[in-house]
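Visitor: Could you take me through one part of this structure up close? Please start with a single side chain and work outwards from there.

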Amino acid sequence: MGHTPDALLITPEADIVPINLPEGDNRLIVMRAVLRCDRVDVVALTDQLDMWLDDEGLYNHPVNKLATLLAIRFGFTHQQYHGPVLLTGGADTDGDTVPLTKDKAVALLTSIADLI
């Protein structure tokens, strides 16, 4: 893997796409575009891994089976997740989203491969 992406997009069709997010105000614009939504929500899978999704995904998108299986692996067993999801690092002390580290990206790809 050359450049480590800031995030990984998992589509409902189980495609995994590396995404580089811009800094500042444009970050949320890009997140909403790749998630195909107006409002985003976040599920903190761990303190170093966030899963971003459409806040209204239940009404707008099909179930994302791979994202649901990944969430279950981290103990989130109460619901299915819908639509594309974006995986990023956790938040810094100011609450700002941090990019995935190379080790976290590799671990995620390995974990996802085990789910497929």
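**From one side chain to the sheet**

Guide: Start with glutamate 56, which is partly exposed at 31% relative accessibility. Bear in mind that this model is predicted. What does the side chain of glutamate 56 meet in a salt bridge? Its partner is arginine 39, at 2.6 Å from N to O. Where do the two residues lie? Glutamate 56 sits in the loop between β4 and α2 (57-60), and arginine 39 sits in the loop between α1 (26-35) and β3. The pair therefore ties together parts that are 17 residues apart in sequence. Arginine 39 is partly exposed as well, with a relative accessible area of 49%.

The count of salt bridges comes to two. The other one joins the side chains of arginine 27 and glutamate 23, at 3.4 Å from N to O. Buried or exposed, what is each partner? Arginine 27 is buried, with 12% relative accessible area. Glutamate 23 is exposed, at 64%.

Now move to the strands beside those loops. β3 and β4 (residues 49-54) pair in the antiparallel sense, over six bridges. One bridge links aspartate 41 to leucine 53 in β4. A hairpin of two residues joins β3 to β4.

Next, step back to the sheet. It is open and has five strands, in the order β2-β1-β5-β4-β3, with antiparallel pairing. Why do β2 (16-19) and β3 (40-46) each have one side without a neighbour? They stand at the edges with a single partner strand each, so one side of each is left free of a neighbour in the sheet. From one strand to the next, the twist averages 25 degrees.

In a regular strand, side chains alternate between the two faces of the sheet. Let us see what packs on this one. Helix α3 (residues 65-73) packs on the sheet and touches β1 (7-10), β2, β3, β4 and β5 (85-88). The direction of α3 makes about 125 degrees with that of β1. Helix α4 (residues 102-115) lies across β1, β2, β4 and β5, and runs at about 20 degrees to β1.

Look along α3. At its start, a side-chain oxygen of asparagine 64 reaches to within 3.3 Å of the backbone nitrogen of leucine 66. Leu66, Ala67, Thr68, Leu70 and Ala71 of this helix are buried. The buried residues of α3 pack against β1, β2, β3, β4, β5 and α4. After α3 comes glycine 75, with a positive phi near 95 degrees.

Finally, go inside. The largest nonpolar core holds 18 residues, and Ile10, Leu45, Met51, Leu87 and Leu108 touch the most other members. β1, β3, β4, α3, β5 and α4 each give two or more residues to this core. Which element gives the largest share? That is α3, with four residues.

Leucine 87 shows how many parts meet here. Beyond its neighbours within four places in sequence, leucine 87 is in contact with residues including Ile10, Leu45, Met51, Leu70, Leu108 and Ile112. There is also a second, separate core of nine residues, among them Ala7, Leu9, Cys37 and Trp52.

How values were computed: Residues are numbered from 1 along each chain as its sequence is written. This is a predicted model: local features need pLDDT of at least 70, side-chain atom pairs count only at pLDDT 80 or more; totals for chains, interfaces and linings use all residues. Side-chain values use heavy atoms; hydrogens and water are left out. Two strands pair if DSSP finds at least two bridges between them. Axes are lines fitted to C-alpha atoms, for helices over the stretch in contact, and angles run from 0 to 180 degrees between N-to-C directions. Contact means heavy atoms within 4.5 Å. A nonpolar core is a set of buried Ala, Val, Leu, Ile, Met, Phe, Trp, Tyr and Cys residues joined through side-chain atoms within 4.5 Å. Buried means under 20% relative accessible area, exposed over 50%, partly exposed in between (1.4 Å probe, protein chains only). A salt bridge is a side-chain nitrogen of Lys or Arg within 4 Å of a carboxyl oxygen of Asp or Glu. A polar contact is a pair of N or O atoms within 3.5 Å; within protein, one must be able to donate a hydrogen and the other to accept it, and residues adjacent in sequence count only if both atoms are side-chain atoms.
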